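Reader: Please take a close look at one part of this model, the packing of its helices, and set that part in the context of the whole chain.

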Amino acid sequence: MPESTPTPRLSTKISAIAESATLKVDAKAKALQAQGRPVISYAAGEPDFPTPEHIVEAALVAARDPKAHRYTPAAGLPDLRAAIAEKTLRDSGLEVDPSRVIVTNGGKQSVYEAFQVLLNPGDEVIVPTPFWTTYPEAIALADGVAVDVFADASQNYQVTVEQLEAARTPRTKVLLFVSPSNPTGSVYSPEQTKAIGEWALEHGIWVITDEIYQNLTYDGVRATSIVEAVPELAEQTLLVNGVAKTYAMTGWRVGWTVGPADAIKALGNLQSHLSGNVNNIAQRAAIAALTGPQDAAEAMREAFDRRRKLIVGELNKIDGFETPTPQGAFYVYPDVTALLGQTFGGVTPKTSLELADLMLDQAEVAAVPGEAFGPSGYLRFSYALGDDQLLEGVQRLQRLFAS
Ligand code: PMP
């Protein structure tokens, strides 16, 4: 009898998933803070503000209403789907029936499900790099293959059609498009967006467009949705979005996907077995967020804008930090390759991972190294923290790297 190979104890596919690097750095910073160390963390990907009061109030009212104690349709409350359809027209320029909306447990579930529904084993997804850490894992979980296309700081972290075309193969099924971007904060211009959308349309490539930071833009810039730039693309595009970033609602877990009827049907079937509906009370809070007054969201955006200017200005005072001014999201992404190989406090970092460790050890400042988002040589700073802390942290870095 041939010797049988032992059965792996756990799923090999799931065992291959890496822990989220951004959450890991944040957890390390929080653990040090818990020990009493005055760590300033730029690692978190969430607004530091409380959720606006009228949204919280809507949730309190819902919690007392027995109707909200029940399941909703798996695809979401009809009123929320209608509010999302209106928001999609308002901000993404796409007119859709509410039946083309599915409410998900955050943008993260939307991303995961999008790849599950579109990919067959071996299908390729073009991933503009630097990328948000979750994408490659979500692609691998759907048996897809991520094809990274890297754009550096000199390109403002924006890929070109030429680069995309060079990466295209007969297996290319999906292009991921993220503007404003996490981790770079980069926003594609309407012209670039149109050129990329036309390329995808011409080659019959699906687009997953992650618009979760769409309302956080600065300098009068508006993030143009790829379906607004190229309306014919709507039949091969899934739009990912959610309330988390715009309304300081990361913990509430409400996101959504908008797409063509066949894909939304497939997503609904998947979600009905995966998680069913999103928390009923949180859905009612999301209705208040989308349909209520927008002044609190606007005040948060203005605060982010002020902090953005502060952090870019201060980081650029450090020799070796090349920091493009981002026009969206709440991240800055300096190129720090010039610092690698230099010695600070007796340590000579060779990678941005080692540089981030050095910053945490010697200045008690946490930022996420570029390795979490693609190539080494970069650091991601979130500026979703209070102004005083924000300034204090970069001043510590100015002292560390001046030595
Ligand atoms: N997309 C991007 C680009 C993100 O940065 C995030 C959050 N970090 C998400 C999607 C998911 O957001 P959530 O699941 O909190 O709605």
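Author: What follows starts with the whole protein, moves to two helix pairs, and ends with single residues.

The model is a predicted one. The protein contains 14 helices and 12 strands. Its radius of gyration is 22 Å, close to the 22 Å that the globule rule gives for 403 residues, so the protein is as compact as a globular protein of that length. The C-alpha trace spans about 65 × 60 × 55 Å along the principal axes. Of the 403 residues, 53% count as buried. The accessible surface comes to about 17,100 Å², and carbon and sulfur atoms hold 54% of that surface. Among contacts with a separation of 6 or more, 73% are between residues 24 or more positions apart.

Two packed helices are described by the angle between their axes and the distance between the axes. One such pair is helix 3, residues 53-63, with helix 11, residues 280-291. Their axes lie 8 Å apart, at an angle of about 145 degrees. The crossing of helix 3 with helix 11 is right-handed. On the helix 3 side, the residues in contact are His 54, Ile 55, Ala 58, Ala 59, Ala 62 and Ala 63. Helix 11 meets them with Ile 281, Arg 284, Ala 285, Ala 288 and Ala 289. By class, the residues of this contact are 9 nonpolar, 1 polar and 1 charged.

Helix 11 also holds Gln 283. Is this residue, Gln 283, buried or exposed? Gln 283 has a relative accessible area of 0%, and the cut-off for buried is under 20%, so Gln 283 is buried. Setting aside neighbours within four places in sequence, Gln 283 is in contact with Thr 72, Gly 76, Leu 77, Leu 80, Val 103, Val 254, Asn 277 and Val 278.

A second pair is formed by helix 5, residues 106-118, and helix 10, residues 261-274. The axes of helix 5 and helix 10 come within 10 Å and cross at roughly 115 degrees. This crossing, too, is right-handed. Helix 5 contributes Gln 109, Glu 113, Ala 114, Gln 116 and Val 117 to the contact. From helix 10 come Ala 263, Ala 266, Leu 267, Leu 270, Gln 271 and Leu 274. The residues of the contact between helix 5 and helix 10 divide into 7 nonpolar, 3 polar and 1 charged.

The loop between helix 5 and strand 3, residues 124-129, includes Pro 121. Pro 121 has a relative accessible area of 59%, and exposed means over 50%, so Pro 121 is exposed. Leaving aside neighbours within four places in sequence, Pro 121 is in contact with Asp 143 and Arg 171. From Pro 121 to Thr 169 the C-alpha separation is 15 Å, with their positions 48 residues apart in sequence.

One more residue can be placed beside these. Ala 195 belongs to helix 8, residues 190-202. The relative accessible area of Ala 195 is 33%, and this residue is partly exposed. Ala 195 and Leu 233 are 38 residues apart along the chain, and their C-alpha atoms are separated by 12 Å.

Definitions and conventions. Residues are numbered from 1 along each chain as its sequence is written. This is a predicted model: local features need pLDDT of at least 70, side-chain atom pairs count only at pLDDT 80 or more; totals for chains, interfaces and linings use all residues. Side-chain values use heavy atoms; hydrogens and water are left out. Axes are lines fitted to C-alpha atoms, for helices over the stretch in contact, and angles run from 0 to 180 degrees between N-to-C directions. Helices (H or I, at least four residues) and strands (E, at least two) are DSSP runs, numbered from the N terminus. A crossing is left-handed if the near helix is turned anticlockwise from the far one by less than a right angle, and right-handed if clockwise. Contact means heavy atoms within 4.5 Å. Ala, Val, Leu, Ile, Met, Phe, Trp, Tyr, Cys and Pro count as nonpolar, Asp, Glu, Lys and Arg as charged, and the others, Gly among them, as polar. The radius of gyration is taken over C-alpha atoms; the globule rule is 2.2 Å times the number of residues to the power 0.38. Buried means under 20% relative accessible area, exposed over 50%, partly exposed in between (1.4 Å probe, protein chains only). Accessible areas come from the Shrake-Rupley method with a 1.4 Å probe; for residues, only the protein chains shown count as cover.
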